[in-house]
Amino acid sequence: MKIGIIGSGAMGSGIAQVASTAGHEVIISDTRETALDTSRSKLAKIMNRLIEKGRVDEATATGIQARISYTTDNKDMADCGLVIEAIVENLDIKKQVFKSLEEIVSSDAILASNTSSLSIASIASACERPERVVGIHFFNPAPLMKLVEIIPAIQSDEQVVATARQLIDDWGKTTVLAKDTPGFIVNRVARPFYGEALRILEEGIADVPTIDWAMKTLAGFRMGPFELMDYIGNDVNYTVTETVFKAFWYDPRYKPAFTQKRLSEAGYLGRKTGKGYYEYHENAIRPEPVKDEALGNQIVQRIVAMLINEAADASFLNIASRDDIDLAMTRGVNYPKGLLQWADEIGIAECVARMDALYHEYLEDRYRCSPLLRRMARDGVSFY
Ligand SMILES: NC(=O)c1ccc[n+]([C@@H]2O[C@H](COP(=O)([O-])OP(=O)(O)OC[C@H]3O[C@@H](n4cnc5c(N)ncnc54)[C@H](O)[C@@H]3O)[C@@H](O)[C@H]2O)c1
């Protein structure tokens, strides 16, 4: 099957590489010729690096590049069986693209969006045949990140969803099924990793390096929340939080932090601008954490309790299955453990007690315990 990719930015280029590596003919389109040139030369660099490291041989690398063609005209997508859109995150523009695509591709072609935050139902509504539309959400960088969220819209045909999922599985990815709700699984469940770390910082309980140290050393996360926000970009991370917050009708659980908004406004975006929570120039000095285990454990318990509560609530509202929620966080953002498995290890009653302690301290809806955890504690049951 020939695969069409619309948008040759970071995501489109990565997805094209994945599809071509799996043996498909791929065509990428972009409105900007320069974006296509960049995509082509970046892929060549990646392939050279893989050859140097001995990960692929030259013939394979040449094949991967030769199977991808580049165009500025979506009409060249006429013979594609699946088209994945990865353009700018703007609903009106995406709808226009889907509407026009339908006039080009065959009647049984599947149309997918890689959107991180828009509703698949609203994108599908632009089509004459919305049942052929599905969300296929890759993570950045697409060739390296194992997880792909598959998001059926309420209009999607079951067979379309099954076909799309099977195809992505065949590309060697781990797929999880998520309900068409803001942030799907990962971008919803992960919010407290950033938000609660920022809240702890704003309250003055601990500083940036101490919070990062605690989450890495005591909890086993690969990166601390502030290191990760600097890596993602404070502008990007802030926008995701704000989008999720608004999309949930201003649920205080997702409220963004002024600290991050100001960093973003100041242009302290993180690694890409040389300064964020940390500095990244050549002689930058990393501030030392306060390696106080009692304080570290307090930080970990609070952030992990909030993460578990979010994962439990996603399960409570049937956003995804128990296994998919845990897989999403371990494969999509490399968490050291699935959060629901972690809840079992801590003990469900203890998770409830931690949430209730926060709630009684602050009397904010942000700290409300998921009804699922409370019910499970009452019934003495666990997730696994
Ligand atoms: N960057 C991430 O971490 C990430 C992760 C998962 C999903 N996403 C989603 O993937 C999509 C793309 O994100 P990105 O980071 O690759 O963006 P990007 O800015 O790197 O690339 C977008 C590309 O789309 C092109 N484009 C814009 N309008 C177009 C049109 N009408 N037709 C064809 N091409 C058009 C632009 O010229 C640009 O090259 C967004 O919906 C985003 O939410 C991004």
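Gly 135 stands opposite Ile 151 in β7, so to speak. Let's start from that pair and work outwards, keeping in mind that this is a predicted model.

**The sheet**

How many bridges join β6 to β7? There are 5, and the two strands run antiparallel. In general, strands of a sheet pair through backbone hydrogen bonds, and they can do so parallel or antiparallel. Zoom out and you find 8 strands in an open sheet with mixed pairing, ordered β3-β2-β1-β4-β5-β6-β7-β8. Which strands stand at the edges? They are β3 (68-71) and β8, and each has a single partner strand, so one side of each is left without a neighbour in the sheet. From one strand to the next, the twist averages 25°.

Helix α6 (residues 158-170) lies across part of this sheet, namely β4 (82-85), β5 (110-113), β6, β7 and β8. Against β7, helix α6 runs at about 175°.

**The whole chain**

Counting everything up, the chain has 17 helices and 8 strands. Its radius of gyration is 22 Å, close to the 21 Å that the globule rule gives for 384 residues, so the chain is as compact as a globular protein of that length. The C-alpha trace spans about 60 × 55 × 40 Å along its principal axes. Of the 384 residues, 47% are buried. If you take the contacts between residues at least 6 apart in sequence, 68% of them join residues at least 24 apart.

**Around the ligand**

The ligand is surrounded by 24 residues, and the closest are Gly 7, Gly 9, Met 11, Ala 35 and Asn 140. That shell is a mix: 11 residues are nonpolar, 10 are polar and 3 are charged. Which helices each supply at least two residues of the shell? Both α1 (10-21) and α4 (91-102) do. The largest share, 3 residues, comes from α1.

Asn 140 is worth a second look. The peptide bond from Asn 140 to Pro 141 is cis, with omega near -5°. Pro 141 sits in the loop between β6 (133-138) and β7 (147-152), which brings us back to the strands we began with.

**Some backbone angles**

Here are three residues with a positive phi.

| Residue | Phi | Place |
|---|---|---|
| Phe 184 | near 50° | loop between β8 (174-177) and α7 (186-189) |
| Gly 220 | near 85° | follows α9 |
| Trp 249 | near 50° | loop between α11 (234-247) and α12 (258-266) |

Phe 184 and Trp 249 make a nice pair to look at. Is Phe 184 buried or exposed? Phe 184 has 27 C-beta neighbours inside 10 Å, and 20 or more is enough to count as buried, so Phe 184 is buried. Trp 249 has 7 other C-beta atoms within 10 Å, and the limit for exposed is 12 or fewer, so Trp 249 is exposed.

**Helix α9**

Finally, look at helix α9 (residues 208-218), the one just before Gly 220. Its buried residues are Val 208, Thr 210, Ile 211, Asp 212, Trp 213, Ala 214 and Met 215. What covers them? The cover includes α8 (191-202), α10 (225-232) and α13 (293-316). As a general point, an α-helix has 3.6 residues a turn, so residues three or four places apart point the same way.

Technical notes:
Residues numbered from 1 in each chain as written. Predicted model: local features only at pLDDT ≥ 70, side-chain atom pairs only at ≥ 80, totals over all residues. Helix = DSSP H or I, 4+ residues; strand = E, 2+ residues; numbered from the N terminus. Contact = placed C-beta atoms within 7 Å. Near = placed C-beta within 6 Å. Nonpolar A, V, L, I, M, F, W, Y, C, P; charged D, E, K, R; others polar. Rg over C-alpha atoms; globule rule 2.2 N^0.38 Å. Pairing = 2+ DSSP bridges. Axes fitted to C-alpha atoms, helices over the stretch in contact; angles between N-to-C directions.
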